[in-house]
Amino acid sequence: DLLIVDEASMLDLVLTNHLLRAVPPGMHLLLVGDVDQLPSVGAGNVLKDIIAAIEELRAAGHPVARQMAVIRLETIFRQAADSLIITNAHRINHGEMPIITNAGDADFFLFKTQEPERAAQLCVELVRERIPRRFAIPSADIQVLSPMHRGVAGVAALNEALQNALNPAAPTKAQRQVGSRVYRVGDRVMQIRNNYDKDVYNGDTGVVGAIDLEMQQLTVIMEGRAIAYDFLELDELTHAFAISVHKSQGSEFPAVVIPLLTGHYMMLQRNLLYTAITRARRLVVLVGQPKAIAMAVRNNQVTARYTGLRERLVQEAT
């Protein structure tokens, strides 16, 4: 009788089309999502367009609008009411700089540095020792989120640095090299494409539990399940000590560390920063340049998506 779709801001046009074709007549549909986060990777801006169409129809007093409603949730239960994570999420959404006091009892911090190399070093230090020591959050519960894949403070370089710091090579630790990447028992990894045979999907994360060099097989533990990969299937995995902000959408973590540098200027947008900090439940640590934060906060010029969906929905209803 009721279909609930969570993280609906990630719906693109093609997926939504398939979804709605599968909904039988008479079923209620509830879309849950945050239009202020990053839009879908695929074409379209479905959730935002649907909300705009409903509000336009309601404003016009159209009878069909009585069958639809837009409800905005304003009470946050993930953090305490006085959390700076909440306060700063709202401030960023309104184009205001976040409040950063670096007070001992705060849950939002900034480590300033102008050098990308030092920013990368700080990310490693924070995950390996500083946050676990100060906040008793284990390294396994801390996620590094980078705006970009390339660069000294990008996803690729940070994954290599974090692997060396958190899970270094050892004579007793099995590992397998695939191209320039080395997989080791204990590595944090992510599935990067859907695999229906294994029942694992793009964005699923786990830890390498075993590597059998004789059987040419690597086993990943995901949510208590042991998933076996032949070595020829390892292109479906990537390291996940650090991931992109886009890949983090739909997930949450006890703590996040976010490098922000002016070198990331192509990706410094308000919705990206908002998405990144709202992944955290307990702690946000920004690393880098205040100027980069200001660039992201000011930049609300999200690439326009001329979908025509709102207009077509209104036209179909009238």
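The following exercises, each with a worked solution, concern helix packing, aromatic pairs, burial and backbone geometry in a predicted model.

**Exercise 1. Helices H4 and H5**

Determine how the axes of helix H4 and helix H5 are oriented, and identify the residues that make the contact.

Solution.

Step 1. Helix H4 spans residues 116-135 and helix H5 spans residues 155-166; their axes come within 10 Å and cross at roughly 40 degrees.

Step 2. Angles under 35 degrees count as roughly parallel, and those from 65 to 115 as roughly perpendicular. H4 and H5 are therefore oblique to each other.

Step 3. The crossing of H4 with H5 is right-handed.

Step 4. On the H4 side the contact is made by Ala120, Cys123, Val124, Val127 and Arg128, and on the H5 side by Leu158, Ala161, Leu162, Ala165 and Leu166.

Step 5. By class, these residues comprise 9 nonpolar, no polar and 1 charged.

Step 6. A general property of helices helps in reading such a list: an α-helix has 3.6 residues a turn, so residues three or four places apart point the same way.

**Exercise 2. Helices H3 and H7**

Establish the relative direction of H3 and H7, and describe the burial of H7.

Solution.

Step 1. The axes of H3 and H7 lie 9 Å apart and form an angle of about 170 degrees.

Step 2. Because angles over 145 degrees count as roughly antiparallel, H3 and H7 are assigned to that class.

Step 3. H3 contributes Ile85, Asn88, Ala89, Ile92 and Asn93 to the contact, while H7 contributes Arg270, Leu273, Tyr274 and Ile277.

Step 4. The contact of H3 with H7 has 6 nonpolar, 2 polar and 1 charged residues.

Step 5. In H7, 8 of the 8 residues are buried, so this helix is largely enclosed by the rest of the structure. The buried residues of H7 are Arg270, Asn271, Leu272, Leu273, Tyr274, Thr275, Ala276 and Ile277.

**Exercise 3. The buried residues of H8**

Which residues of helix H8 are buried, and what covers them?

Solution.

Step 1. Helix H8, residues 290-298, has Ala292, Ile293, Ala294, Ala296 and Val297 as its buried residues.

Step 2. The cover over these residues includes helices H3 (84-93) and H7 (270-277), together with strands E3, E13 (253-260) and E14 (280-288).

**Exercise 4. Aromatic pairs**

How many aromatic pairs does a search of the whole structure find, and what is the accessibility of Phe109, Phe135, Tyr196 and Tyr201?

Solution.

Step 1. The search finds 2 aromatic pairs.

Step 2. One of them is Phe109 with Phe135, an edge-to-face pair at 5.7 Å centre to centre, with 65 degrees between the planes.

Step 3. This pair links distant parts of the chain, 26 residues apart: Phe109 is in strand E3 (residues 108-112) and Phe135 is in helix H4.

Step 4. Phe109 is buried at 10% relative accessible area, whereas Phe135 is partly exposed at 21%.

Step 5. Tyr196 and Tyr201 have ring centres 5.6 Å apart and planes at 65 degrees; this pair is therefore edge-to-face.

Step 6. Tyr196 is exposed at 60% relative accessibility, and Tyr201 is partly exposed at 29%.

**Exercise 5. Surroundings of Leu122 and Ser40**

State whether Leu122 and Ser40 are buried or exposed, and list their contacts beyond four places in sequence.

Solution.

Step 1. Leu122 is in helix H4 and is buried, at 5% relative accessibility.

Step 2. Beyond four places in sequence, Leu122 is in contact with Phe111, Thr113, Arg130 and Val287. Leu122 and Val287 are 165 residues apart along the chain, yet their C-alpha atoms are separated by 7.3 Å.

Step 3. Ser40 lies in the loop between strand E2 (28-31) and helix H2 (46-59) and is buried, at 3% relative accessibility.

Step 4. Beyond four places in sequence, Ser40 is in contact with Ser9, Met10, Leu11, Asp12 and Arg305. Ser40 and His28 are 12 residues apart in sequence and 23 Å apart, C-alpha to C-alpha.

**Exercise 6. Positive phi values**

Locate Asn102 and Gln216, and give the phi value of each.

Solution.

Step 1. Asn102 is in the loop between H3 and E3; its phi is near 55 degrees, a positive value in a residue other than glycine. Asn102 is partly exposed, at 38% relative accessibility.

Step 2. Gln216 is in the loop between strand E8 (205-212) and strand E9 (217-222); although not a glycine, Gln216 has a positive phi of about 55 degrees. Gln216 is partly exposed, at 37% relative accessibility.

Technical notes
Residues are numbered from 1 along each chain as its sequence is written. This is a predicted model: local features need pLDDT of at least 70, side-chain atom pairs count only at pLDDT 80 or more; totals for chains, interfaces and linings use all residues. Side-chain values use heavy atoms; hydrogens and water are left out. Axes are lines fitted to C-alpha atoms, for helices over the stretch in contact, and angles run from 0 to 180 degrees between N-to-C directions. Helices (H or I, at least four residues) and strands (E, at least two) are DSSP runs, numbered from the N terminus. A crossing is left-handed if the near helix is turned anticlockwise from the far one by less than a right angle, and right-handed if clockwise. Contact means heavy atoms within 4.5 Å. Ala, Val, Leu, Ile, Met, Phe, Trp, Tyr, Cys and Pro count as nonpolar, Asp, Glu, Lys and Arg as charged, and the others, Gly among them, as polar. Rings of Phe, Tyr and Trp (its six-membered ring) pair if their centres lie within 6.5 Å; planes under 30 degrees apart count as stacked, over 60 as edge-to-face and the rest as tilted. Buried means under 20% relative accessible area, exposed over 50%, partly exposed in between (1.4 Å probe, protein chains only).
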